[in-house]
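Q: Please take a close look at one part of this model: the place where its helices pack together, and the pockets beside them. Keep it brisk.

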Amino acid sequence: MPEAPARNPLESFTNAVSAMIDGPVTWFRESVVEPNRKNYPWYHQQFRRVPSIDQCYTDDAVCFFEANNQFKRDKMVDNEILNILRQRFEDCVMYEQPDHERKCRALLDQYEKGAENWFIKYGDLGGYANAKTAYMKQKHRMVWERRHGPVGTGMKQSDDAAPEH
C-alpha cells in the first residue's frame, strides 16, 4: 500500500528516519527470522524428556527442578487422559440407554483400569506432591510387593510361621 505524500517537511523527515531505522529490521525479520521459525501453536508445544528424579545427583537442584516440572506435566497429561476415558464412557451411557451395561462394558473396563493405574501412581500423594514423593511411594510399593505379594491380595504367610487353627 503506497504511503500518502507528506504534508510538510517535518513529516517527510520523520518518515525518512523511520524507514531508515525500521527498514533493515523489517527486512531481517521477514527474510531471515520468519522462514526459519518453527510455527506451531503453543498448545502443541513438545518438551524434551528430562532425567527422572532417580537419575539426579543428590546435590543437583536444577535436575530436581526439571524432574518436578516433568512430573507435574506428566500428571496433567494423565489427568486429561483419564478425563477423556471418563467422558467417553459417560457419552456411551447417554447414547446407549437402556442397554448401556452391555454395550459400554469395554469402555468402563478401560476407564477403571486407567483410574486404577492413575491411583497407583498419584493417589494419596496430596496436593503438593512432587517427583520425590511419587518415587518414594513407588519404592515402598515395590518393597511391599516383594515381601507380601501384589497389593490387594492380602499378606502372605511366612515359611516359618505355623498356621493358626
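A: Start with the contact of α2 with α5. In this predicted model, Ala-67, Asn-68 and Phe-71 of α2 touch Ala-131, Lys-132 and Ala-134 of α5. By class, those residues are 4 nonpolar, 1 polar and 1 charged. The two helices pack at an angle of about 75°, and their axes are 8 Å apart. Angles of 65 to 115 degrees count as roughly perpendicular, so α2 is roughly perpendicular to α5.

Now bring in α4. Helix α2 covers residues 61–96, and helix α4 covers residues 105–122. Their axes come within 9 Å and cross at roughly 155°. An angle over 145 counts as roughly antiparallel, which means α2 runs roughly antiparallel to α4. The crossing of this pair is left-handed.

The contact of α2 with α4 has a long list of residues. On the α2 side it takes in Phe-71, Asp-74, Lys-75, Asp-78, Asn-79, Leu-82, Leu-85, Arg-86, Arg-88, Phe-89 and Cys-92. On the α4 side are Leu-107, Leu-108, Gln-110, Tyr-111, Gly-114, Ala-115, Trp-118, Lys-121 and Tyr-122. The class count is 11 nonpolar, 3 polar and 6 charged. Phe-71 appears here, and Phe-71 also meets α5.

The third pair is α4 with α5. Their axes come within 8 Å and cross at roughly 105°. These two helices are therefore roughly perpendicular to each other. From α4, the contact uses Phe-119, Ile-120, Lys-121 and Tyr-122. From α5, it uses Ala-134, Lys-137 and Arg-141. That divides into 4 nonpolar, no polar and 3 charged residues. Lys-121 and Tyr-122 are in this contact, and both are also in the contact of α4 with α2. Ala-134 meets α4, and Ala-134 also belongs to the contact of α5 with α2.

Next, the pockets. The largest pocket holds about 360 Å³ of space. It is lined by 18 residues, and the closest to its centre are Ser-52, Phe-71, Lys-121, Ala-134 and Gln-138. Helices α2, α4 and α5 (131–148) are the elements that each give two or more residues to this lining. The most comes from α5, with 6 residues. By class, the lining has 9 nonpolar, 3 polar and 6 charged residues. The helix contacts come back here: Phe-71 and Ala-134 take part in the contact of α2 with α5, and Lys-121 takes part in the contact of α4 with α5.

The second largest pocket holds about 200 Å³. Its lining is Phe-47, Arg-48, Arg-49, Gln-70, Arg-73, Asp-74, Met-76, Val-77 and Glu-80. Those residues divide into 3 nonpolar, 1 polar and 5 charged. Asp-74 lines this pocket, and Asp-74 is also in the contact of α2 with α4.

Finally, check the backbone in the loops. Most residues other than glycine have a negative phi, and most peptide bonds are trans. Two places here depart from that. Gln-97 and Pro-98 are joined by a cis peptide bond, with omega about 0°. Pro-98 sits in the loop between α2 and α3 (100–103). Asp-124 has a positive phi, near 60°, and is not a glycine. Asp-124 lies in the loop between α4 and α5.

Methods. Residues numbered from 1 in each chain as written. Predicted model: local features only at pLDDT ≥ 70, side-chain atom pairs only at ≥ 80, totals over all residues. Heavy atoms only, no water. Axes fitted to C-alpha atoms, helices over the stretch in contact; angles between N-to-C directions. Helix = DSSP H or I, 4+ residues; strand = E, 2+ residues; numbered from the N terminus. Parallel < 35°, antiparallel > 145°, perpendicular 65-115°, else oblique. Left-handed = near helix turned anticlockwise from the far one by under 90°. Contact = heavy atoms within 4.5 Å. Nonpolar A, V, L, I, M, F, W, Y, C, P; charged D, E, K, R; others polar. 1 Å grid on protein atoms, 1.4 Å probe; cavity = no way out; pocket = protein on both sides within 12 Å on 5 of 7 lines; lining within 4 Å. Points joined across faces, edges and corners; volume = space filled by probe spheres on them.
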